[in-house]
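Please examine the sequence and the model shown below. The report that follows concerns charged side chains, their pairing and their setting in the chain.

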Amino acid sequence: MTGNHRNSSITRRRALAVTGGTVAAGGIAVTGYQSAFADTTDTAEATATASATSTGACMTLMSSVTEGPYYLDGALVRKDITEGKSGVPLTLRLTVVDATDGCTPVKGAAVEIWHCDAWGYYSGYTTANPGGSAPAESDDGSTANDNTYLRGYQIANAGGVVKFETIFPGWYTPRTCHIHVKVHTGGEKEDGTYEGGTVNYTGQLFFDDTIAEEIFALEPYSQHSGSYTTLDDDMVYDGGGASSGLLTLKAVHKADPSKGYKGSLSLAIDPDAENTGVGGGGGGTPPSGAPSGEPPSGAPSESASPSASASS
(Lines give C-alpha, C1' and ligand atoms only; values in the text may rest on other atoms or scores of the structure.)
Protein backbone atom coordinates (compact mmCIF):
# COMPACT_ATOMS: atom_id res chain seq x y z
CA MET A 1 0.00 0.00 0.00
CA THR A 2 1.11 3.61 -0.44
CA GLY A 3 1.76 4.16 3.25
CA ASN A 4 4.40 1.44 3.44
CA HIS A 5 7.37 2.06 1.20
CA ARG A 6 11.15 2.00 1.22
CA ASN A 7 13.41 4.84 0.09
CA SER A 8 15.05 3.23 -2.94
CA SER A 9 17.65 5.91 -3.72
CA ILE A 10 21.26 4.65 -3.64
CA THR A 11 24.01 7.04 -2.59
CA ARG A 12 27.70 6.56 -3.35
CA ARG A 13 28.46 5.74 0.30
CA ARG A 14 25.66 3.21 0.51
CA ALA A 15 26.80 1.51 -2.70
CA LEU A 16 30.31 1.17 -1.28
CA ALA A 17 28.98 -0.23 1.98
CA VAL A 18 26.66 -2.75 0.36
CA THR A 19 29.34 -4.10 -1.99
CA GLY A 20 32.15 -4.03 0.54
CA GLY A 21 31.22 -6.87 2.89
CA THR A 22 28.86 -9.63 3.91
CA VAL A 23 25.68 -8.65 5.78
CA ALA A 24 24.95 -10.47 9.04
CA ALA A 25 21.19 -10.87 9.24
CA GLY A 26 19.52 -9.51 12.37
CA GLY A 27 22.65 -7.74 13.62
CA ILE A 28 20.94 -4.40 13.87
CA ALA A 29 18.42 -5.58 16.47
CA VAL A 30 21.11 -7.27 18.58
CA THR A 31 23.33 -4.20 18.54
CA GLY A 32 20.45 -1.96 19.60
CA TYR A 33 19.43 -4.22 22.48
CA GLN A 34 22.94 -4.72 23.87
CA SER A 35 23.73 -1.02 23.93
CA ALA A 36 20.34 0.36 24.87
CA PHE A 37 20.17 -0.13 28.64
CA ALA A 38 23.80 -0.03 29.81
CA ASP A 39 24.52 2.96 32.03
CA THR A 40 27.72 3.97 30.31
CA THR A 41 29.49 7.13 29.27
CA ASP A 42 29.17 8.55 25.77
CA THR A 43 32.68 7.33 24.94
CA ALA A 44 31.93 3.80 26.08
CA GLU A 45 28.73 3.70 24.04
CA ALA A 46 30.56 4.86 20.92
CA THR A 47 33.31 2.27 21.46
CA ALA A 48 30.78 -0.53 21.96
CA THR A 49 28.92 0.44 18.81
CA ALA A 50 32.13 0.57 16.77
CA SER A 51 33.16 -2.85 18.10
CA ALA A 52 29.78 -4.41 17.32
CA THR A 53 29.71 -3.02 13.78
CA SER A 54 33.30 -3.99 12.90
CA THR A 55 31.90 -7.41 12.01
CA GLY A 56 29.80 -5.85 9.25
CA ALA A 57 26.58 -6.63 11.11
CA CYS A 58 24.60 -3.61 9.96
CA MET A 59 23.60 -2.88 6.40
CA THR A 60 19.79 -2.97 6.47
CA LEU A 61 18.08 0.41 6.19
CA MET A 62 14.94 0.99 8.23
CA SER A 63 11.64 0.82 6.33
CA SER A 64 10.39 4.39 5.85
CA VAL A 65 6.62 4.90 6.06
CA THR A 66 4.02 7.65 6.22
CA GLU A 67 4.23 10.27 8.97
CA GLY A 68 0.47 9.89 9.35
CA PRO A 69 -2.14 12.60 9.84
CA TYR A 70 -1.25 13.70 13.38
CA TYR A 71 2.12 15.39 12.93
CA LEU A 72 2.78 18.89 14.34
CA ASP A 73 5.83 21.09 13.77
CA GLY A 74 7.73 22.62 16.68
CA ALA A 75 7.89 19.77 19.20
CA LEU A 76 10.01 20.55 22.24
CA VAL A 77 13.50 19.20 22.93
CA ARG A 78 13.00 17.24 26.15
CA LYS A 79 13.49 13.79 27.63
CA ASP A 80 10.17 13.44 29.49
CA ILE A 81 7.23 13.99 27.14
CA THR A 82 4.39 12.76 29.36
CA GLU A 83 3.21 16.07 30.91
CA GLY A 84 1.37 14.02 33.55
CA LYS A 85 -0.54 11.78 31.13
CA SER A 86 -1.47 8.53 32.89
CA GLY A 87 -0.30 5.17 31.61
CA VAL A 88 2.22 2.39 31.98
CA PRO A 89 5.71 3.96 31.98
CA LEU A 90 7.89 3.38 28.93
CA THR A 91 11.60 4.17 28.78
CA LEU A 92 12.54 4.35 25.13
CA ARG A 93 16.18 4.19 24.01
CA LEU A 94 16.95 4.52 20.32
CA THR A 95 20.37 4.30 18.69
CA VAL A 96 20.87 6.13 15.39
CA VAL A 97 23.50 4.57 13.13
CA ASP A 98 24.69 5.18 9.56
CA ALA A 99 23.76 2.10 7.49
CA THR A 100 25.98 3.30 4.62
CA ASP A 101 29.12 3.60 6.75
CA GLY A 102 29.43 0.42 8.79
CA CYS A 103 26.74 1.43 11.27
CA THR A 104 28.81 4.17 12.88
CA PRO A 105 26.84 6.25 15.40
CA VAL A 106 25.22 9.42 14.05
CA LYS A 107 26.21 11.91 16.76
CA GLY A 108 23.97 14.96 16.93
CA ALA A 109 21.04 13.41 15.07
CA ALA A 110 17.72 14.78 16.33
CA VAL A 111 15.18 12.04 17.02
CA GLU A 112 11.57 13.21 17.15
CA ILE A 113 8.71 11.05 18.44
CA TRP A 114 4.99 11.50 18.92
CA HIS A 115 2.16 9.15 19.87
CA CYS A 116 -1.36 8.94 21.27
CA ASP A 117 -2.31 8.74 24.93
CA ALA A 118 -3.80 5.73 26.74
CA TRP A 119 -7.22 6.32 25.16
CA GLY A 120 -5.98 6.95 21.62
CA TYR A 121 -5.94 10.77 21.57
CA TYR A 122 -3.10 12.85 20.09
CA SER A 123 -2.17 16.29 21.34
CA GLY A 124 -3.41 18.89 18.86
CA TYR A 125 -6.22 16.53 17.79
CA THR A 126 -7.99 15.87 21.07
CA THR A 127 -11.47 15.79 19.53
CA ALA A 128 -10.63 13.13 16.93
CA ASN A 129 -12.66 9.99 17.67
CA PRO A 130 -10.26 7.10 18.49
CA GLY A 131 -12.90 4.51 17.62
CA GLY A 132 -14.65 2.07 19.89
CA SER A 133 -15.87 3.57 23.14
CA ALA A 134 -13.56 5.87 25.12
CA PRO A 135 -13.97 8.72 27.60
CA ALA A 136 -13.40 12.22 26.27
CA GLU A 137 -9.73 13.22 26.31
CA SER A 138 -10.56 16.00 28.79
CA ASP A 139 -11.77 13.39 31.31
CA ASP A 140 -8.26 12.09 32.04
CA GLY A 141 -7.71 14.60 34.85
CA SER A 142 -4.21 15.62 33.77
CA THR A 143 -2.90 19.15 33.33
CA ALA A 144 -1.16 18.27 30.05
CA ASN A 145 -0.98 20.93 27.34
CA ASP A 146 -3.40 19.82 24.62
CA ASN A 147 -0.99 20.88 21.88
CA THR A 148 2.26 19.38 23.17
CA TYR A 149 1.78 16.24 25.28
CA LEU A 150 3.53 13.04 24.15
CA ARG A 151 5.67 14.85 21.56
CA GLY A 152 9.36 15.68 21.74
CA TYR A 153 12.92 15.67 20.42
CA GLN A 154 16.16 14.36 21.82
CA ILE A 155 19.66 14.93 20.39
CA ALA A 156 21.86 11.83 19.96
CA ASN A 157 25.04 11.60 22.05
CA ALA A 158 28.44 10.36 20.85
CA GLY A 159 27.08 6.81 20.74
CA GLY A 160 24.09 7.85 18.62
CA VAL A 161 21.79 7.19 21.59
CA VAL A 162 18.68 9.11 22.67
CA LYS A 163 16.39 8.34 25.59
CA PHE A 164 12.76 9.30 26.17
CA GLU A 165 10.53 8.88 29.21
CA THR A 166 6.94 8.41 28.11
CA ILE A 167 3.98 6.05 28.52
CA PHE A 168 2.90 2.97 26.60
CA PRO A 169 0.66 4.28 23.78
CA GLY A 170 -2.96 3.30 23.50
CA TRP A 171 -4.67 2.52 20.19
CA TYR A 172 -7.14 4.02 17.78
CA THR A 173 -9.13 2.63 14.85
CA PRO A 174 -7.89 1.29 12.45
CA ARG A 175 -4.29 1.19 13.69
CA THR A 176 -2.22 -1.09 15.89
CA CYS A 177 -0.30 0.35 18.86
CA HIS A 178 2.61 2.48 17.56
CA ILE A 179 4.91 5.47 18.02
CA HIS A 180 5.82 7.82 15.18
CA VAL A 181 9.49 8.75 14.69
CA LYS A 182 11.58 11.05 12.50
CA VAL A 183 15.36 11.37 12.40
CA HIS A 184 16.72 14.79 11.47
CA THR A 185 20.34 15.83 10.77
CA GLY A 186 22.00 19.13 9.94
CA GLY A 187 19.76 21.38 12.03
CA GLU A 188 20.18 22.86 15.50
CA LYS A 189 18.33 23.42 18.74
CA GLU A 190 16.69 26.83 18.80
CA ASP A 191 14.06 28.34 21.12
CA GLY A 192 13.43 25.00 22.80
CA THR A 193 12.78 23.06 19.58
CA TYR A 194 14.86 21.83 16.61
CA GLU A 195 15.15 23.94 13.47
CA GLY A 196 16.47 23.34 9.96
CA GLY A 197 18.34 20.39 8.57
CA THR A 198 16.98 17.37 6.71
CA VAL A 199 14.58 14.60 7.65
CA ASN A 200 16.51 11.43 6.79
CA TYR A 201 14.03 8.89 8.08
CA THR A 202 10.31 8.80 8.85
CA GLY A 203 8.99 5.66 10.46
CA GLN A 204 6.89 4.06 13.15
CA LEU A 205 7.77 1.92 16.16
CA PHE A 206 5.65 -1.13 16.96
CA PHE A 207 4.86 -3.36 19.94
CA ASP A 208 4.43 -7.11 20.34
CA ASP A 209 0.71 -7.97 20.33
CA THR A 210 0.89 -10.11 23.48
CA ILE A 211 2.46 -7.31 25.51
CA ALA A 212 0.13 -4.66 24.09
CA GLU A 213 -2.99 -6.64 24.91
CA GLU A 214 -1.70 -7.25 28.44
CA ILE A 215 -1.23 -3.51 28.89
CA PHE A 216 -4.64 -2.67 27.46
CA ALA A 217 -6.31 -4.76 30.16
CA LEU A 218 -4.96 -2.31 32.78
CA GLU A 219 -6.24 1.10 33.85
CA PRO A 220 -6.56 3.61 32.26
CA TYR A 221 -6.30 1.72 28.94
CA SER A 222 -9.20 -0.61 29.78
CA GLN A 223 -11.62 2.34 29.69
CA HIS A 224 -11.19 2.33 25.91
CA SER A 225 -13.17 -0.62 24.60
CA GLY A 226 -13.46 -1.85 21.05
CA SER A 227 -11.63 -3.83 18.41
CA TYR A 228 -7.82 -3.57 18.64
CA THR A 229 -5.86 -4.02 15.38
CA THR A 230 -3.05 -6.59 15.63
CA LEU A 231 0.30 -6.30 13.85
CA ASP A 232 -0.74 -8.77 11.13
CA ASP A 233 -3.78 -6.66 10.27
CA ASP A 234 -2.16 -3.22 10.52
CA MET A 235 -2.12 -1.03 7.40
CA VAL A 236 1.47 0.15 7.94
CA TYR A 237 3.54 -2.57 9.66
CA ASP A 238 4.93 -4.92 7.01
CA GLY A 239 6.12 -7.79 9.19
CA GLY A 240 9.81 -7.00 8.80
CA GLY A 241 10.69 -7.11 12.49
CA ALA A 242 13.33 -4.69 13.78
CA SER A 243 14.04 -3.13 10.38
CA SER A 244 10.33 -2.29 10.16
CA GLY A 245 10.29 -0.73 13.63
CA LEU A 246 9.41 -3.62 15.96
CA LEU A 247 10.77 -2.71 19.39
CA THR A 248 12.64 -4.99 21.76
CA LEU A 249 10.73 -4.76 25.04
CA LYS A 250 11.86 -5.67 28.55
CA ALA A 251 9.53 -5.55 31.56
CA VAL A 252 10.73 -3.56 34.56
CA HIS A 253 9.01 -6.15 36.78
CA LYS A 254 8.02 -9.42 35.10
CA ALA A 255 5.20 -10.14 37.52
CA ASP A 256 3.68 -6.67 37.33
CA PRO A 257 3.40 -5.07 33.86
CA SER A 258 2.01 -1.86 35.36
CA LYS A 259 5.56 -1.08 36.57
CA GLY A 260 6.51 -0.35 32.99
CA TYR A 261 8.70 -1.42 30.12
CA LYS A 262 12.02 -0.54 28.54
CA GLY A 263 11.96 -0.43 24.77
CA SER A 264 14.97 -0.34 22.46
CA LEU A 265 15.80 -0.28 18.79
CA SER A 266 18.64 0.76 16.48
CA LEU A 267 17.60 3.05 13.64
CA ALA A 268 19.81 2.39 10.62
CA ILE A 269 19.52 5.43 8.35
CA ASP A 270 21.21 7.01 5.34
CA PRO A 271 22.29 10.52 6.44
CA ASP A 272 22.53 11.57 2.78
CA ALA A 273 18.92 10.67 1.99
CA GLU A 274 15.72 12.62 2.59
CA ASN A 275 12.43 11.03 3.55
CA THR A 276 9.85 13.28 5.16
CA GLY A 277 6.96 10.80 5.09
CA VAL A 278 4.64 13.53 3.83
CA GLY A 279 2.11 12.42 1.25
CA GLY A 280 2.13 8.72 2.09
CA GLY A 281 -1.18 7.01 2.70
CA GLY A 282 -2.39 5.14 5.75
CA GLY A 283 -2.69 5.98 9.41
CA GLY A 284 -6.19 7.39 9.52
CA THR A 285 -7.64 10.83 8.82
CA PRO A 286 -7.54 13.80 11.22
CA PRO A 287 -10.69 15.82 11.91
CA SER A 288 -11.47 18.87 9.78
CA GLY A 289 -10.14 22.11 11.18
CA ALA A 290 -7.36 20.33 13.10
CA PRO A 291 -4.44 22.53 14.16
CA SER A 292 -1.13 22.71 12.33
CA GLY A 293 2.18 24.50 12.73
CA GLU A 294 4.05 25.21 15.94
CA PRO A 295 2.66 24.70 19.45
CA PRO A 296 1.70 27.93 21.22
CA SER A 297 4.21 30.05 23.11
CA GLY A 298 4.47 29.22 26.79
CA ALA A 299 4.33 25.48 26.16
CA PRO A 300 5.81 23.38 28.99
CA SER A 301 9.58 22.89 29.00
CA GLU A 302 11.60 19.80 29.89
CA SER A 303 12.10 20.98 33.46
CA ALA A 304 8.34 21.36 33.88
CA SER A 305 7.47 17.89 32.63
CA PRO A 306 6.50 15.49 35.43
CA SER A 307 7.48 11.85 35.37
CA ALA A 308 5.25 9.22 33.82
CA SER A 309 2.83 7.69 36.28
CA ALA A 310 2.18 3.98 36.51
CA SER A 311 -1.36 2.78 36.21
CA SER A 312 -2.80 1.04 39.23
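## A salt bridge between Glu 165 and Lys 163

In this predicted model, Glu 165 and Lys 163 form a salt bridge whose closest N and O atoms are 3.8 Å apart. The cut-off for such a pair is 4 Å. Glu 165 has a relative accessible area of 22% and is partly exposed. Lys 163 is likewise classed as partly exposed, at 26% relative accessibility.

## A buried pair: Asp 234 and Arg 175

A salt bridge also joins Asp 234 to Arg 175, with 2.8 Å between the closest N and O atoms. This pair connects distant parts of the chain, as its members are 59 residues apart. Asp 234 is found in the loop between helix H4 (209-216) and strand E10 (248-251), while Arg 175 occupies the loop between strand E5 (161-167) and strand E6 (178-185). Both residues are buried.

## Lys 85, Asp 140 and their network

Asp 140 and Lys 85 form a salt bridge in which the closest N and O atoms lie 2.6 Å apart. Asp 140 belongs to the loop between strand E3 (110-114) and strand E4 (151-155), and Lys 85 to the loop between helix H3 (42-53) and strand E1 (89-98), so the pair ties together parts that are 55 residues apart in sequence.

The accessibility of the two partners can be stated separately. Lys 85 is buried, with a relative accessible area of 1%, whereas Asp 140 is partly exposed, at 23%. Through salt bridges that share partners, Lys 85, Asp 117, Glu 137 and Asp 140 are joined into one network. The structure holds seven salt bridges.

## A negative surface patch

Asp 73, Glu 188, Glu 190, Asp 191 and Glu 195 form a negative surface patch. One of these residues, Glu 190, is placed in strand E7 (residues 188-190). Glu 190 has a relative accessible area of 36% and is therefore partly exposed. Patch residues must have over 30% relative accessible area and no salt bridge, and the 36% of Glu 190 satisfies the accessibility part of that condition.

## The chain as a whole

The protein chain contains four helices and eleven strands. It has 312 residues, of which 53% count as buried. Among contacts with a separation of 6 or more, 82% are between residues 24 or more positions apart.

The exposed area of the protein chain is about 12700 Å². Carbon and sulfur atoms supply 49% of this area.

Terms used: Residues numbered from 1 in each chain as written. Predicted model: local features only at pLDDT ≥ 70, side-chain atom pairs only at ≥ 80, totals over all residues. Heavy atoms only, no water. Patch = residues over 30% accessible without salt bridge, like charges linked within 9 Å, V, L, I, M, F, W, Y side chains within 5 Å. Areas by Shrake-Rupley, 256 points an atom, 1.4 Å probe, with all protein chains shown as cover. Salt bridge = Lys/Arg side-chain N within 4 Å of Asp/Glu carboxyl O. Lys, Arg positive; Asp, Glu negative; His and termini not counted. Charge placed at Lys NZ, Arg CZ, Asp CG, Glu CD. Helix = DSSP H or I, 4+ residues; strand = E, 2+ residues; numbered from the N terminus. Buried < 20%, exposed > 50% of the residue type's maximum accessible area, 1.4 Å probe, protein only. Contact = heavy atoms within 4.5 Å.
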